[in-house]
Amino acid sequence: MMSNIYIKATILSMVLALALLVPLQHQAEATSLWAEQTSLFGDRKARAVGDSLTIVISESSTASRSGTANNSKSASNSMAAGTGVFKWLAAAEASGKDSFKADGKITNTNAVTGRITVQVTGVKPNGNLLVSGTQSINQNGEEQKITITGEVRPEDISADNAVLSSNVANAQLKIDGKGPIANKQRQGILTQIFNLLF
């Protein structure tokens with residue numbers, strides 16, 4: 001009789017001990033709040049979809065073209081007076097001269113500077129980040145929208161989570177403007193039709 005009570009007490013104590021150990025085991029497996037950080041002391045850089053990244057835009061381009069064209073042409077014809085049955089034909093002489101000369105030169109300079117923060121929209125198998133972002137500025141009825149997309153290598157991202165636009169591969173930079181000034185800079189409808197026809 002005593003042995004049965006002893007066995008039951010032993011089993012009960014073991015069950016209680018297991019019941020206490022199971023929650024402790026679950027606590028040990030709890031994930032950290034900083035699980036996504038590679039290092040508490042490392043720089044915070046964009047590396048996953050949804051992360052933000054600042055692109056420092058510093059683009060300039062200059063194109064020039066010049067051309068010269070010369071063209072000249074001269075011709076002369078003469079005809080002697082007629083003889084015999086063609087005596088009635090008088091002597092005649094004709095000459096002509098044509099010349100053409102043209103000089104042309106065109107120079108186009110563009111410069112864009114600024115900073116825009118974009119988001120990572122994808123990560124390629126080689127680790128490169130696909131980024132895209134739009135910045136819209138409204139000022140006195142004028143709206144300027146800057147859109148940039150491209151591909152960034154993680155090693156080109158600086159410690160302050162920024163990258164130069166010259167290091168963005170397949171970069172597409174688009175600047176649109178709306179407002180009174182932008183409308184004045186556009187050609188009128190009649191001018192567009194005239195350019196289309198001629």
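**Close-ups of a predicted model**

**View 1. Glu151 and its surroundings in strand β4.** Glu151 sits in strand β4, which covers residues 142–152; keep in mind that the model is predicted. With a relative accessible area of 10%, Glu151 counts as buried, because the cut-off for that label is under 20%. Its side chain makes a polar contact of 2.8 Å with the side chain of Asn128. Setting aside neighbours within four places in sequence, Glu151 also touches Lys124, Asn126, Leu129 and Leu130. Asn167, Val168, Ala169 and Asn170 are on that contact list too.

**View 2. The largest nonpolar core.** This core has 15 residues. The members that touch the most other members are Leu53, Ile55, Ile116, Val118, Val131 and Val152. Four strands each chip in at least two core residues: β1 (52–79), β2 (92–123), β3 (129–139) and β4.

**View 3. Zooming in on Val118.** What does Val118 touch, leaving aside neighbours within four places in sequence? Its contacts include Leu53, Ile55 and Val131, which are also listed with Val118 among the best-connected core members. Asp51, Ser52, Ser132, Gly133 and Ile148 complete the set around Val118.

**View 4. A nonpolar patch on the surface.** Tyr6, Ile7, Ile11 and Val15 make up this patch, and together they have about 420 Å² of accessible area. One of them, Val15, belongs to helix α1, residues 2–28. Val15 is labelled partly exposed because its relative accessible area is 48%, and exposed would need over 50%.

Note on methods
Residues numbered from 1 in each chain as written. Predicted model: local features only at pLDDT ≥ 70, side-chain atom pairs only at ≥ 80, totals over all residues. Heavy atoms only, no water. Buried < 20%, exposed > 50% of the residue type's maximum accessible area, 1.4 Å probe, protein only. Polar contact = N/O pair within 3.5 Å; in protein donor to acceptor, adjacent residues only side chain to side chain. Contact = heavy atoms within 4.5 Å. Core = buried A, V, L, I, M, F, W, Y, C linked by side-chain atoms within 4.5 Å. Patch = residues over 30% accessible without salt bridge, like charges linked within 9 Å, V, L, I, M, F, W, Y side chains within 5 Å. Areas by Shrake-Rupley, 256 points an atom, 1.4 Å probe, with all protein chains shown as cover. Salt bridge = Lys/Arg side-chain N within 4 Å of Asp/Glu carboxyl O.
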